[in-house]
Amino acid sequence: MRLGVSEAQRPLELTLCCPPCNLLPCSCVSVPGTMSVFRSGLLVLTAPLSALSLRLVPILASASRIVENTLYIHLQPGLSLTGSSQPRSTYVPATPEVYSLINKLYVDADAHSHLDVRVLLTNIRNQNLTPQSLSSVQNLSHPPEVILTDFQTSDGGQYNPVKQRLERYATSCYSCRPNLISVLLYPDYEPMMDQSELPPWKPDLDGGALRSYSDVVVGGTFDRLHNAHKILLSACCLLAENRLLVGVSDKDLLENKILKELIQPYEQRVEKLCEFLVDVKPSLRYDIVPLVDPYGPSITDPDLECIVVSEETRQGGVAVNKKRLENGLSELALHEILLVKDPGHGENEEEKISSSTIRQRLLGTLLQPPQKDPALPSRPYVIGLTGGTGSGKSSIARYLERLGAFLIDVDKLGHEAYAPGGPAYEQVAEEFGEDIMNEDGTINRKILGAKVFGNQERLKCLTDIMWPVIAKMTKRQLNEAAAQGKAVCVLDVAVLLEAGWTDMVHEVWMASVPEKEALRRIMARDGLSEEAARNRLQSQLSNSQRVKRSHVVLCTLWKPEATQKQVEKAWALLQQRIGQD
């Protein structure tokens, strides 16, 4: 994975040496600063917290060029990797200073979207502030392949003793991959004195330790777990002594979410949540339950002592306490965290880091890889564009045509198929009778539609006539496009999935809008009542059903300019996939 580096930034050239346990001479590997070469890593931060806060940005930038996916961070201020004794992990008191640094770590890490950062809290605790040794080895869900540190020393050489101690320290604390690699980071900040010469770090206890509670509760959707979620969950883990109860929104609580169809399934969200929590603080007991109402067990569990809320959900916490009092239970302490601003948010996106923004940024991207069909010619590359009535599918099709796609309006082909002289005209007229005919001999689509609407048997009779004919007409146009040397064809077809025509396309793209917006559009366009418009929508596949079978999803909810940007993004990514300039 390549990451851009500004001209002003000094390239990071690292020499990674084989572990000292290897007996054979090692050959050093020079790793360019723009290449992430390890899937997982452990970053041990040893500088005093006051100094570390100013260096997080360059340290994380350096780490992001080495680690591709999961980056665990272990806070051990004052740890010395020099001298003859084996370095050992000690407890760090959970002070406001430590909590603030953890928040800053996650905020700064948001600039590196490929990194799944997890600040380990095993050695950070509220009680017993006197440092003491930790001896057990913690299993991590993604055992580190590389160990990184900000520790600075004047020692150098292939068999740097600091590296050797770092490797032994890491393996004494956490489960790591065999043949662990160690890297001393020297990012772009002002050099300081040899860190081994610094006085021992002492925690700032002036602000006192964070208050702790036996049982803590928190709720949320936790879709596509992001750094703001991790700040919230880290606060919960620091406050909880024994148990953390997590309510995960499901079913009706998801109905009003933006792009709800792109929310991960409940089971997947819980799996990611569990993995993160057990990684960062395995000593806690975690109870994770589905939330189908705003309160869940928070108003009935007598053991709870604290609820963690954000600025947005504080009133929800107040409502929980009101319900608890009504149920004869004690009020919960409210611990409020601040929202995390997203400096890169765009138009129509929330100002805070949020799951809805992440879902919006998925629009136009490839959500799942297409299956290769050997029977399908590679050229032209065919996109099947589908969507329900009122979804804005036709406007997306026009944007794609302007970008260079060869557009085949399959819905229009359907109308041609039962026009007088069309290949399905006689059969449809014979099957459904003279009362569907206009005076000029054309088929009245409204009357025909009324005959089949809500009647599955008659509808199947019509589709059995029409769909094979339309498929044949479509394939004829695809062959014409191939003969003309067209690179990309778009089939604009509402019933792509229902008709089983996915064997004609390389990818399925979907146009979508929320049901409320689709209803508004249908009523305004066709003059229908809300009930009639709703019946029409319910006779089609739902957005959720389409999303599951789509490779790319687009949404026309916002201004036309926003839709155009989505389509241009999707088109550019498509060109990369099919290897065009």
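## The lining of the largest pocket

Sort the lining of the largest pocket by residue class and you get 19 nonpolar, 17 polar and 14 charged residues. Here Ala, Val, Leu, Ile, Met, Phe, Trp, Tyr, Cys and Pro count as nonpolar, Asp, Glu, Lys and Arg as charged, and the others, Gly among them, as polar. There are 50 lining residues, and Arg445, Ala494, Val495, Arg536 and Gln540 sit nearest the centre. The space inside comes to about 2,000 Å³. A pocket here is an open set of points on a 1 Å grid over the protein atoms alone, where a 1.4 Å probe fits, with protein on both sides within 12 Å along at least five of seven lines; lining residues have an atom within 4 Å of a point. Volume is the space filled by probe spheres set on the points, with grid points joined across faces, edges and corners.

This is a predicted model, so to speak of local features takes pLDDT of at least 70, side-chain atom pairs count only at pLDDT 80 or more, and totals for chains, interfaces and linings use all residues. Residues are numbered from 1 along each chain as its sequence is written, and side-chain values use heavy atoms, with hydrogens and water left out.

As for which elements build that wall, α8 (393-402), α9 (410-417), α11 (445-452), α12 (456-483), α13 (515-526) and α14 (530-538) each put in at least two residues. The biggest giver is α12, with eight. Helices (H or I, at least four residues) and strands (E, at least two) are DSSP runs, numbered from the N terminus.

## Helix pairs from the pocket wall

Two of those helices, α11 and α12, cross at roughly 130°, and their axes come within 7 Å. Axes are lines fitted to C-alpha atoms, for helices over the stretch in contact, and angles run from 0 to 180 degrees between N-to-C directions. The pair is therefore oblique; angles under 35 degrees count as roughly parallel, over 145 as roughly antiparallel, 65 to 115 as roughly perpendicular and the rest as oblique. Leu448, Lys451 and Val452 of α11 touch Arg458, Leu459 and Leu462 of α12, where contact means heavy atoms within 4.5 Å. That contact has four nonpolar, no polar and two charged residues.

Then there's α13 with α14, packed at about 120° with axes 9 Å apart. That makes α13 oblique to α14. Their crossing is right-handed, a label for the near helix being turned clockwise from the far one by less than a right angle, with anticlockwise giving left-handed. On the α13 side you'll find Glu515, Ala518, Leu519, Ile522, Met523, Arg525 and Asp526, and they meet Glu530, Ala533, Arg534, Arg536 and Leu537 in α14. By class, this contact splits into six nonpolar, no polar and six charged residues. Arg536 also turns up among the residues nearest the centre of the largest pocket.

## The second largest pocket

The runner-up pocket has a volume of about 1,200 Å³. Its lining takes in 45 residues, with Gly219, Gly220, Thr221, Lys257 and Thr313 closest to the centre. Two or more lining residues come from each of β10 (213-220), α4, β11 (240-249), β12 (285-291), β13 (306-310), α6 (314-326) and α7 (355-362). Class by class, that lining has 25 nonpolar, 15 polar and five charged residues.

## α2 against α4

One contributor to that lining, α4, also packs against α2. Helix α2 (residues 96-109) and helix α4 (residues 227-239) make an angle of about 160°, with axes 9 Å apart, and are therefore roughly antiparallel. The crossing is right-handed. Tyr99, Ile102, Asn103, Tyr106, Val107 and Ala109 in α2 face Asn227, Lys230, Ile231, Ser234, Ala235 and Leu238 in α4. Those contact residues are eight nonpolar, three polar and one charged.

## Backbone oddities in loops

A cis peptide bond links arginine 379 to proline 380, with omega about -5°. Proline 380 belongs to the loop between α7 and β15 (381-387).

Two non-glycine residues have positive phi. Asparagine 179 has about 55° and lies in the loop between α3 (161-173) and β9 (181-184). Leucine 259 has phi near 50°, in the loop between β11 and α5 (266-280).
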